Amino acid sequence: MNFRKYLVLLSIVVFSAAGDVMLSRGMKQTGEIHLQNLGSVFSALGNFWILLGIVFLLVFFASYLTSLSWADLTFVLPTTSFSYVVLALLAYTMLHERISVERWCGIMLIVAGVGFVAGGPSHTETAAKTAPPKLPDAEFVEARK
Amino acid sequence: MRHLYTWSAIAMVVIASTAGDILLAKAMREIGDLGQLRQQKGILPVVARVLGSATFLLAVLFMAVAFFSLLIGLSWADVSLVAPAAASLTFVTNTAAARIFLKENVDRRRWFAALFVAAGVLLIAH
């Protein structure tokens, strides 16, 4: 893991959360879509926030693809689930949603989950290849003497 | 009966998005480090290579199935049940599927992470 890779993970977290908040804001402006009139969902595409949200989510998808090209899925998913925390904080500050005690507990659990994997290797195959060579076994040591 | 419909939609979302994620990870691993490829060949050949990958296209197809199953599920039940239930179950199934199909080394640390995040997502949705 180098600085560039951490930036890619950060961009997954930031762009997915910010993109979702923009979609939410845009859909609140567009108004409810009724089941009888599902086609009206396309009118949302004219909304500034929806368009900006889609651009953000495209950046998120590109970053997600990039991360999967050098890291395990079981590393990327928990690490970037930090975006749920960012999303809750953005909803709290920008959309003025109320965050209950249960939600704060959920946020803590996710942070703990991220902590579990963040300290480990990002790609287990590479980790196995670059693992330190095994200590010389007894026979080898014996032969060298 | 409605419960059954809702949970089958959730199951469909979980299965399709797990298949999508696994195939996406497999496609990207076949293609190789995108950052290095971009430095060597430029951005357009990288985009062409990703879009030309059959595994990638199949992944996108599964993600589309997951998306429409989610929409159908939402028409039967509340978003506060369907979305988090699907998201948190997918964390667990993805971890198992990555171990089985991608042969990822899922140690205890990663299992704990998946379960903590799944529980956290469920709580956030409350």
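How many residues does the contact take from chain A, and how many from chain B? Before I answer, please keep in mind that what we are looking at is a predicted model. The contact takes 29 residues from chain A and 33 residues from chain B. On the side of chain A that touches chain B, the elements that give two or more residues are helix H2 (48-70), helix H3 (73-80), helix H4 (82-93) and helix H5 (101-118) of chain A. Of these, H5(A) supplies the largest share, eleven residues. If we sort that side of chain A by class, we find 16 nonpolar, nine polar and four charged residues.

Let me now step back and take the chains in turn, beginning with chain A. Chain A has seven helices and zero strands, and along the sequence its pattern reads α-α-α-α-α-α-α. Of the 145 residues in chain A, 34% are buried. When we consider contacts in chain A between residues at least 6 apart in sequence, 79% of them join residues at least 24 apart.

The helix I would like to begin with is H1 of chain A, residues 3-30. Its 28 residues should span 40 Å at 1.5 Å a residue, and because its end C-alpha atoms are in fact 40 Å apart, the expected and the modelled spans agree. After H1(A) comes Gly31(A), which has a positive phi, near 100°.

H1(A) also packs against H4(A), and here the geometry can be followed step by step. The axes of H1(A) and H4(A) are 8 Å apart, and the two helices pack at an angle of about 40°, which makes H1(A) oblique to H4(A). Their crossing is right-handed. On the H1(A) side, the residues that make this contact include Ile12(A), Val13(A), Val14(A) and Ala17(A), while on the H4(A) side they include Phe82(A), Val86(A), Leu87(A) and Leu90(A). Taken by class, the contact of H1(A) with H4(A) has eleven nonpolar, two polar and one charged residues.

H2(A), which we already met on the side facing chain B, deserves a closer look. This helix has 23 residues and reaches 34 Å from its first C-alpha to its last, close to the 33 Å expected at 1.5 Å a residue. Its buried residues include Ile50(A), Phe56(A), Phe60(A) and Tyr64(A), as well as Leu65(A), Leu68(A), Ser69(A) and Trp70(A). What covers the buried residues of H2(A)? The cover includes H1 and H3 of chain A, together with H1, helix H2 (34-41) and helix H3 (43-51) of chain B.

That brings us over to chain B, where there are six helices and zero strands, and where the pattern along the sequence is α-α-α-α-α-α. The C-alpha trace of chain B spans about 55 × 35 × 25 Å along its principal axes. Buried residues account for 42% of the 126 residues in chain B. Among contacts in chain B between residues at least 6 apart in sequence, 77% join residues at least 24 apart.

Within chain B, the helix pair to look at is H1(B) and H4(B). Their axes come within 8 Å and cross at roughly 160°, and H1(B) and H4(B) are therefore roughly antiparallel to each other. H1(B) passes H4(B) in a left-handed crossing. The residues of that contact divide into 20 nonpolar, six polar and three charged.

I will finish with two single residues of chain B. The first sits in one of the helices we have just discussed: Met28(B) is found in helix H1 (residues 2-31) of chain B. Is Met28(B) buried or exposed? Met28(B) counts as buried because it has 26 C-beta neighbours inside 10 Å. Leaving aside residues up to four places away in sequence, Met28(B) touches Leu65(A), Leu68(A) and Ser69(A), and each of those three is listed among the buried residues of H2(A). Met28(B) and Val47(B) lie 19 residues apart along the chain, and their C-alpha atoms are separated by 12 Å.

The other residue is Ala54(B), which is found in helix H4 (residues 54-76) of chain B. Ala54(B) has 10 C-beta neighbours inside 10 Å, and therefore it counts as exposed. Between Ala54(B) and Ala9(B), which are 45 residues apart along the chain, the C-alpha separation is 27 Å.

Definitions and conventions:
Residues are numbered from 1 along each chain as its sequence is written. Chains are lettered from A and ligands numbered from 1 in the order in which they are written. This is a predicted model: local features need pLDDT of at least 70, side-chain atom pairs count only at pLDDT 80 or more; totals for chains, interfaces and linings use all residues. Two residues are in contact if their C-beta atoms, placed from the backbone, lie within 7 Å. Helices (H or I, at least four residues) and strands (E, at least two) are DSSP runs, numbered from the N terminus. Ala, Val, Leu, Ile, Met, Phe, Trp, Tyr, Cys and Pro count as nonpolar, Asp, Glu, Lys and Arg as charged, and the others, Gly among them, as polar. A residue is buried if 20 or more other C-beta atoms lie within 10 Å of its own, exposed if 12 or fewer, and partly exposed in between; C-beta atoms are placed from the backbone. The expected span of a helix is 1.5 Å times one less than its number of residues. Axes are lines fitted to C-alpha atoms, for helices over the stretch in contact, and angles run from 0 to 180 degrees between N-to-C directions. Angles under 35 degrees count as roughly parallel, over 145 as roughly antiparallel, 65 to 115 as roughly perpendicular and the rest as oblique. A crossing is left-handed if the near helix is turned anticlockwise from the far one by less than a right angle, and right-handed if clockwise.
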